[in-house]
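Here are my comments on the model you sent, set out as numbered points for you to check against the coordinates. I begin with the residue in the loop that caught my attention and come to the overall fold towards the end.

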Amino acid sequence: MDPLGEKEIRASFVNCSKGEASRINLPVGLSAMPWGDLDFLGWRDPGAPDRSYLVAPREGGVVGVTLRVPQGVRRSFTKTTVCSLCVTGHPGSGVSLLAARKAGPLGRQGNTVGAYVCADLACSLYIRGKKKSQLAGRHEETLPVADRIARLVMNLDAFVEKVFEGQ
C-alpha cells in the first residue's frame, strides 16, 4: 500500500459526513507505518474503543470506512474465532464483529453491514508473519503468503463492496 497523508485519509471516508471525518482520531505515527506490508490501513480509536476505521486502496483511489463494535455482543473468552478477512485464528476476543454503516441513503436510514475482523485490524501483518496470533504454532496455515494476500484483498474488496451496495 502506498503511504497516505491525513488529508487523503479524511477525504476517503464514504459512510460518514465530512464533519465526522474531520473529527476522526487518526493513528499516531502515520509516517512510521509499515506501508509496504499493509494491504489496508486499519486502526481502533483510542478515545472511543467501540470505533474503528479502515482505509483500503481501490480502483480510482482509496476508500475509508468507519466501523463500530455493536453494543451488547457477547464474546466467548474460551473459544477460537477466525477473522473473515485474513482467516487468522485468535483465541477469545481476538476477533470483533465490526459493523459499517452503508454509504449513501441506505446508511442514513441506519442500514449496516458487518464482518468478524481481527480486533486490532492488523490482518496484513498476521498473514505476512510480522505479527503473531496467540494461536501461532497450533494452527499454521500452509497457503503461500502471496495467496493469503490475494485472499485478504478479495475478502476486503467484497466487504467494501457491501458498504456501497444499493447506492
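1. In this predicted model, Ser12 sits in the loop that runs between α1 (6–11) and α2 (18–23). Its relative accessibility is 5%, and Ser12 therefore counts as buried, the cut-off for that class being under 20%. Leaving aside residues up to four places away in sequence, the contacts of Ser12 are with Val55, Val62, Val63 and Gly64. Ala32, by contrast, is 20 residues from Ser12 in sequence, and the C-alpha atoms of the two are 20 Å apart in space.

2. Cys16 belongs to the loop between α1 and α2 as well, and with a relative accessible area of 16% Cys16 is also buried. Once residues up to four places away in sequence are set aside, Cys16 touches Ala21, Thr66 and Arg101. If you wish to check a long distance in the coordinates, Cys16 and Val95 are separated by 79 residues in sequence and by 24 Å from C-alpha to C-alpha.

3. Leu26 is placed in the loop between α2 and β1, where a relative accessibility of 17% puts Leu26 among the buried residues, since that class is defined as under 20%. Its contacts, again not counting residues up to four places away in sequence, are Glu6, Ile9, Arg10 and Trp43. For one of these partners, Ile9, the separation from Leu26 is 17 residues in sequence and 8.5 Å between C-alpha atoms.

4. Asp39 is found in the loop between α2 and β1 (41–44), and at 11% relative accessibility Asp39 counts as buried. Which residue has a side chain joined to that of Asp39 by a polar contact of 2.7 Å? The partner is Arg128, which lies in the loop between α4 (123–127) and α5 (145–164), and the pair deserves a careful look in the viewer.

5. The surroundings of this pair can be described from either side. Not counting residues up to four places away in sequence, Asp39 touches Met1, Pro57, Ser124, Ile127, Arg128, Ile149, Leu152, Val153 and Leu156. With the same exclusion, Arg128 touches Asp37, Asp39, Val145 and Ile149. Ile149 therefore appears in the contacts of Asp39 and of Arg128, where contact means heavy atoms within 4.5 Å.

6. Two backbone conformations should be examined with care. Most residues other than glycine have a negative phi. Val87, however, has a positive phi of about 60° although it is not a glycine, and Val87 is located in the loop between β4 (80–82) and β5 (89–91). Its relative accessibility of 36% makes Val87 partly exposed.

7. The second such case is Leu121, whose phi is near 55°, a positive value in a residue other than glycine. Is Leu121 buried or exposed? With a relative accessible area of 5%, Leu121 is buried, and its place is in the loop between β7 (112–118) and α4.

8. Turning to the fold, the secondary structure of the protein comes to five helices and seven strands. Followed along the sequence, these elements are arranged in the pattern α-α-β-β-β-β-β-β-α-β-α-α. Of the contacts with a separation of 6 or more, 58% are between residues 24 or more positions apart.

9. On overall dimensions, a compact globule of 167 residues would have a radius of gyration near 15 Å, and the 16 Å of the protein agrees with that expectation. Taken along the principal axes, the C-alpha atoms fill a box of roughly 45 × 35 × 30 Å. Buried residues make up 44% of the 167 residues.

10. As for the surface and the charges, the accessible surface of the protein comes to about 9200 Å², and 52% of that area belongs to carbon and sulfur atoms. There are 22 positive and 16 negative side chains, and the centres of these two sets lie 7 Å apart.

How values were computed
Residues are numbered from 1 along each chain as its sequence is written. This is a predicted model: local features need pLDDT of at least 70, side-chain atom pairs count only at pLDDT 80 or more; totals for chains, interfaces and linings use all residues. Side-chain values use heavy atoms; hydrogens and water are left out. Helices (H or I, at least four residues) and strands (E, at least two) are DSSP runs, numbered from the N terminus. The radius of gyration is taken over C-alpha atoms; the globule rule is 2.2 Å times the number of residues to the power 0.38. Buried means under 20% relative accessible area, exposed over 50%, partly exposed in between (1.4 Å probe, protein chains only). Accessible areas come from the Shrake-Rupley method with a 1.4 Å probe; for residues, only the protein chains shown count as cover. Lys and Arg count as positive and Asp and Glu as negative; His and the chain ends are not counted. The place of a charge is taken as NZ of Lys, CZ of Arg, CG of Asp or CD of Glu. A polar contact is a pair of N or O atoms within 3.5 Å; within protein, one must be able to donate a hydrogen and the other to accept it, and residues adjacent in sequence count only if both atoms are side-chain atoms.
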